[in-house]
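Please look at the model below together with its sequence, and then read the report that follows. It moves from single strands to whole chains.

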Number of protein chains: 2
Amino acid sequence: MTEGLKFELLKTDGGARLGRLHTGRGSVDTPVFMPVGTLGTVKAMTPEELESMGSEIILSNTYHLYLRPGHETIQQMGGLHRFMNWERPILTDSGGFQVFSLAGLRKIRDDGVEFRSHLDGSAHFFTPELAVSIQEALGSDIMMAFDECTPYPASKSDTLKSLKLTTSWAKKCKTVKNTDQALFGIVQGGMFQHLRKQSAEELINIGFDGYAMGGLSVGEPKELMYDIVSVTAPVLPKEQARYLMGVGDLPDMLEAVERGVDMFDCVMPTRNARNGMLFTSRGKVSVKRAEYIQDPNPPDPECSCYTCRKYSLAYLRHLYMSREILSMRLNTIHNLHFYLSFMSSMRTAIGEGRFAAFKRKWLETLLREA
Amino acid sequence: MTEGLKFELLKTDGGARLGRLHTGRGSVDTPVFMPVGTLGTVKAMTPEELESMGSEIILSNTYHLYLRPGHETIQQMGGLHRFMNWERPILTDSGGFQVFSLAGLRKIRDDGVEFRSHLDGSAHFFTPELAVSIQEALGSDIMMAFDECTPYPASKSDTLKSLKLTTSWAKKCKTVKNTDQALFGIVQGGMFQHLRKQSAEELINIGFDGYAMGGLSVGEPKELMYDIVSVTAPVLPKEQARYLMGVGDLPDMLEAVERGVDMFDCVMPTRNARNGMLFTSRGKVSVKRAEYIQDPNPPDPECSCYTCRKYSLAYLRHLYMSREILSMRLNTIHNLHFYLSFMSSMRTAIGEGRFAAFKRKWLETLLREA
């Protein structure tokens with residue numbers, strides 16, 4: 001265990017867990033949604049805005065920062081926190097997912113992955129050792145072990161082979177780790193329940209500061225994802241944080257929390273905001289719709305965010321149609337505020353032993369379109 | 001004179017004037033630079049950010065708002081101030097400049113201008129009456145009379161004809177005006193000193209709440225512009241505000257203030273910010289330059305803006321190269337802060353009778369590139 005990180009399980013309500021992640025840069029209440037700051041900025045936001053919305057931790061992407069501006073540059077500038085003016089915890093992914101989803105001409109070897117940059121086609125070679133070294137240069141609070149993100153669908157034998165590679169890389173990551181930054185292992189195993197269990201057990205044997213589930217939300221049916229979470233979570237140590245990577249659809253988070261997951265990240269609230277799609281207490285709102293041309297109401301009358309307090313749907317539609325930067329700002333503020341408030345209400349519900357009712361109410365709302 | 005507007009001339013220092021424009025929505029210290037909010041938003045900024053930087057008035061564009069979202073929509077939403085969440089004064093231009101610079105297939109008639117929208121090619125007909133009616137719907141604090149922006153170069157006879165049209169349109173604007181919003185006349189007359197004087201005198205005979213100089217900074221040599229300002233300003237009433245439209249180059253503002261101008265607007269600080277060009281106390285800084293890759297310093301060590309207090313050139317370069325929205329935000333904050341501080345220092349210098357020294361010092365700095 002790393003001294004810098006401690007997970008405190010405060011309460012359970014059915015499968016749902018209320019917890020607190022203690023880091024050297026402050027604590028994080030769980031279940032938590034982590035806004036994504038791919039390139040050292042949560043798109044359209046300042047760190048102060050994120051803080052004022054109650055964001056206690058953000059995620060940043062190792063692959064992207066390695067390519068641009070380069071981890072050495074960030075290290076020279078005093079680390080990622082200082083570079084981007086964010087003093088709270090940062091979780092960095094390992095680069096694995098991006099190497100497998102974004103990069104070109106991948107060649108997987110036992111010792112790592114050859115790939116070409118999606119930016120300029122330049123050749124690179126990622127290893128578990130390099131992934132840790134980059135994350136150490138960035139100085140994140142939670143690092144992720146380098147994994148092979150098993151594609152969907154994949155045969156059992158391919159999945160097993162991939163799982164074995166992930167385990168061996170995870171071991172290397174732990175061995176070379178040289179700082180007191182926390183390190184999480186990533187459970188793979190595709191859509192095979194026994195392989196998921198096997199992967200989890202192999203990682204637990206190595207021993208990490210927390211455990212993530214990877215290779216989900218990669219195109220499989222929702223029910224399959226929920227099943228995999230259902231069988232994986234119980235295998236993981238109760239006293240450590242569980243992170244479902246790349247998942248941030250609201251119903252998915254409700255289902256996953258019910259199955260014992262503590263941490264989430266997703267570009268959905270920020271990306272959808274830039275595309276004019278808002279999450280509200282009445283369901284999704286597309287600000288570009290003609291019916292809003294002269295609508296004086298805020299997107300969500302129940303929302304207390306800056307956007308809803310100060311602006312009308314008519315104005316938000318106008319900004320969106322005019323491709324104004326303020327459109328992306330105001331929409332992002334609303335969506336992140338909505339997500340963070342949603343998680344906060346969820347934590348309250350777990351604390352008060354009424355998570356099941358909370359989940360039921362929200363699933364009904366979320367299936368409607370406003 | 002409109003009851004809502006009063007110009008108070010506090011002090012002169014050579015030709016430079018220290019003044020205060022009193023409006024129903026608060027006072028504006030002059031000389032003033034007005035940030036441009038073309039479509040009902042100063043690009044990349046919130047109104048609260050503008051206020052915190054000391055912006056006392058902004059400009060918005062009649063032509064653009066007429067096309068998108070339409071002045072009736074803004075009127076329905078309670079006027080431009082409420083629509084965009086800006087409570088301080090707004091000056092709207094008349095649309096004249098945009099009709100002549102942006103729109104297509106213009107046909108000038110005695111009663112107005114036929115043109116096609118630069119957005120979708122749709123046909124429109126702008127008249128002095130419509131320009132006032134639109135600005136009344138927007139509810140700006142200062143409206144501009146509809147003018148013909150004389151192109152450069154133009155013959156004396158064409159310029160005279162254009163001037164006459166501007167005078168007749170100005171008269172119509174004043175006649176149809178139906179609210180207590182202030183109305184400024186726009187002096188034309190091309191590059192002919194006696195025609196500028198003639199235009200000014202004709203407008204003064206009609207009587208406006210303030211006077212602008214239009215048709216300058218349209219491609220003519222700088223010295224020619226300064227000469228035109230030199231001969232026009234003294235003709236204008238001392239006790240009313242003088243506005244040099246579309247000018248916001250820092251040396252130009254120094255020269256114009258010395259010649260008795262009080263008000264300026266320009267897209268330069270905001271547009272250049274989005275293009276990575278910063279104004280600093282050491283001259284211009286292009287954030288994309290490779291020498292800043294690992295530069296831990298702020299763009300301007302003497303600047304107290306949010307950007308300079310919190311971020312390095314290295315980070316600003318990274319954001320710019322990555323085309324991040326935060327790049328445009330941070331650069332705009334800096335440039336507007338710089339402009340507004342520059343004007344504030346200029347006012348202090350005039351108040352203390354040392355404008356000449358202020359101008360000399362800045363002209364030396366501004367001719368350098370950092």
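Two strands are said to pair if DSSP finds at least two bridges between them, and the strands (E, at least two residues), like the helices (H or I, at least four residues), are DSSP runs numbered from the N terminus. This is a predicted model, in which local features need pLDDT of at least 70 and side-chain atom pairs count only at pLDDT 80 or more, while totals for chains, interfaces and linings use all residues. Residues are numbered from 1 along each chain as its sequence is written, and chains are lettered from A and ligands numbered from 1 in the order in which they are written.

**Two sheets of chain B**

Strands of a sheet pair through backbone hydrogen bonds, either parallel or antiparallel. In chain B, β1(B) and strand β2 (residues 16–23) are joined in the antiparallel sense by seven bridges, and T12(B) has R17(B) of β2(B) as its bridge partner. These strands belong to an open sheet of three strands in the order β1-β2-β3 of chain B, with antiparallel pairing. Because β1 (6–13) and β3 (26–30) of chain B stand at the edges, each with a single partner strand, one side of each is left without a neighbour in the sheet. From one strand to the next the twist averages 15°, where axes are lines fitted to C-alpha atoms (for helices over the stretch in contact) and angles run from 0 to 180 degrees between N-to-C directions.

Another open sheet of three strands in chain B has the order β7-β8-β9, and its pairing is antiparallel. Here β7 (104–109) and β9 (123–126) of chain B are at the edges with a single partner strand each, so one side of each has no neighbour in the sheet. Neighbouring strands of this sheet are turned against each other by 15° on average, direction ignored. Strand β8 (residues 112–116) of chain B is joined to β9(B) by four bridges, the two running antiparallel, and V113(B) stands opposite F126(B) in β9(B).

**Chain A and its domains**

Chain A has 15 helices and 16 strands. Its radius of gyration is 20 Å, close to the 21 Å that the globule rule gives for 370 residues, so chain A is as compact as a globular protein of that length; the radius is taken over C-alpha atoms, and the rule is 2.2 Å times the number of residues to the power 0.38. Along its principal axes, the C-alpha trace of chain A spans about 60 × 45 × 40 Å.

An automatic or database domain assignment supplies the domain bounds, and chain A is divided into domain 1 (6–265) and domain 2 (273–360). The centres of these two domains of chain A, taken over C-alpha atoms, are separated by 27 Å. Their contact takes 21 residues from domain 1 of chain A and 21 residues from domain 2 of chain A, two residues being in contact if their C-beta atoms, placed from the backbone, lie within 7 Å. On the side of domain 1 of chain A that touches domain 2 of chain A, the largest share, four residues, comes from α10(A).

**How the two chains meet**

Two copies of a chain are related by a rotation about an axis and a shift along it. Chain A is superposed on chain B by a rotation of 180° with 0.0 Å of shift along its axis (RMSD 0.0 Å), which is the relation of a two-fold axis; the fit is by least squares on the C-alpha atoms of residues with pLDDT of at least 70 in both copies. In chain A, the C-alpha nearest the axis belongs to I325(A), 3.7 Å from it.

In the contact between the chains, 30 residues of chain A meet 30 residues of chain B. The largest share of the side of chain A that touches chain B, five residues, comes from α13(A).

**Backbone details**

Most residues other than glycine have a negative phi, and most peptide bonds are trans. The table collects three exceptions in chain A.

| Place | Feature and angle |
|---|---|
| R68(A) to P69(A) | cis peptide bond, omega about 10° |
| Y152(A) to P153(A) | cis peptide bond, omega near -5° |
| N85(A) | positive phi of about 70°, not a glycine |

P69(A) lies in the loop between α2 (62–67) and α3 of chain A, whereas P153(A) is in the loop between β10 (142–144) and α7 (156–176) of chain A.
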